[in-house]
Amino acid sequence: MGGAQLPARCCAEVPLKHWYTIQCKPREEGRAEANLDRQGYRTFRPLIRRPVRRGGRRTAVTESLFPRYLFAQLCDVAENWAPIRSTRGVLGLVRFGSSPVPVPEPIIEGIRLRLDPESGCLDLTRDSDFAPQQPVTITDGPFQGREALFLARSGEERVIVLMQIMSQCQQVELPAAAVGPVV
């Protein structure tokens, strides 16, 4: 079999690779990510874009979804983890006891699926473009997966929807990010 040669930092068997959480120095997630990438490690730092008020004006900021943390996919057996702790911007691997604990793959994939394909981050800056009485789907929280009718916005980051709860129509206030179009 004439397969491609694997990079030095890669395992011969893919199932041995797991995601681990890396703790970074304050406000150095970007530096840590760039340095780890440069060393050949596969990293994932989910970003969030959210609205803020500065000087009385509304603007958007992009920052780490998990401040001071990022994820790296590492091989349990063949990969040398020693360079990670001396990487600029990194404090070390998150450990329980003496050993790092892998992050389950479905958690990483769940985060990736929620990221906006255009910006590559979780975007909370979009205004609701729903019309009153338009059917919507609850995308997050205890009512996730249920349908409702959009009624109105109630502030910058909240919406009011009408939904059936225990055989009665109820108005429910939710985060605007938890409501999406009916698919």
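Is Phe44 buried or exposed? Select Phe44 and look: at 7% relative accessibility, this residue counts as buried. Keep in mind as you go that you're looking at a predicted model.

**Stop 1: the rings around Phe44**

With Phe44 still selected, add Trp19. These two form an edge-to-face aromatic pair, with 6.4 Å from centre to centre and 65° between the planes. Now colour by secondary structure: Trp19 sits in strand S1, while Phe44 belongs to strand S2 (residues 42-44), so the pair ties together parts that are 25 residues apart in sequence. Trp19 is buried too, with a relative accessible area of 1%.

Next, show Phe66 and Phe71 as sticks. Ring pairs link Trp19, Phe44, Phe66 and Phe71 into a cluster. The structure holds five aromatic pairs.

Before leaving, bring up Arg112. Its place is over the face of Phe44, at 4.2 Å from the ring centre.

**Stop 2: the cores**

Stay on strand S1, which runs over residues 17-24, and click on Ile22. What does Ile22 touch, not counting residues up to four places away in sequence? Leaving those neighbours out, the contacts of Ile22 are Leu36, Arg68, Tyr69, Leu70, Ala72, Ile84, Val90, Gly92 and Leu93.

Now select Ile22, Leu36, Leu74 and Ile84 together. The largest nonpolar core has 13 residues, and these four touch the most other members. To see where this core comes from, highlight strand S1, helix H1 (29-38), strand S5 (69-75) and strand S6 (90-93): each supplies at least two of its residues. Apart from it lies another core, made of twelve residues that include Ala148, Val172, Leu174 and Val179.

**Stop 3: Thr137**

Move to strand S10 (residues 135-138) and pick out Thr137. Is Thr137 buried or exposed? Thr137 is buried, because its relative accessible area of 16% falls under the 20% cut-off. Show its surroundings, again skipping residues up to four places away in sequence, and you'll find contacts with Gly145, Arg146 and Glu147, and also with Ala178, Val179, Gly180, Pro181, Val182 and Val183. Val179 is a residue to recognise here, being among the twelve of that other core.

**Stop 4: two loop residues with positive phi**

Which residue in the loop between S1 and H1 should you click on? Go for Arg27. Arg27 is not a glycine, yet has a positive phi of about 55°. Switch on the surface and you'll see that Arg27 is exposed, with a relative accessible area of 76%.

Then jump to the loop between strand S9 (121-123) and S10, and select Gln133. Here is another non-glycine residue with a positive phi, this time about 70°. Gln133 is partly exposed, at a relative accessible area of 48%.

**Stop 5: cysteines**

Select Cys24 and Cys169. Cys24 counts as buried, at 0% relative accessibility, whereas Cys169 is exposed, with a relative accessible area of 52%. How many disulfides does the structure hold? Zero.

**Last stop: zoom out**

Reset the view and show the whole chain as a cartoon. You should be able to trace three helices and 14 strands. Of the 183 residues in the chain, 33% are buried. Turn the surface back on for the full chain: the accessible area comes to about 11600 Å², and 53% of that belongs to carbon and sulfur atoms. Finally, a number for the contact map: among contacts between residues at least 6 apart in sequence, 56% join residues at least 24 apart.

Conventions: Residues numbered from 1 in each chain as written. Predicted model: local features only at pLDDT ≥ 70, side-chain atom pairs only at ≥ 80, totals over all residues. Heavy atoms only, no water. Core = buried A, V, L, I, M, F, W, Y, C linked by side-chain atoms within 4.5 Å. Buried < 20%, exposed > 50% of the residue type's maximum accessible area, 1.4 Å probe, protein only. Helix = DSSP H or I, 4+ residues; strand = E, 2+ residues; numbered from the N terminus. Contact = heavy atoms within 4.5 Å. Disulfide = S-S within 2.5 Å. Phe/Tyr/Trp six-rings, centres within 6.5 Å; stacked < 30°, edge-to-face > 60°. Lys NZ or Arg CZ within 6 Å of the ring centre and 35° of its normal. Areas by Shrake-Rupley, 256 points an atom, 1.4 Å probe, with all protein chains shown as cover.
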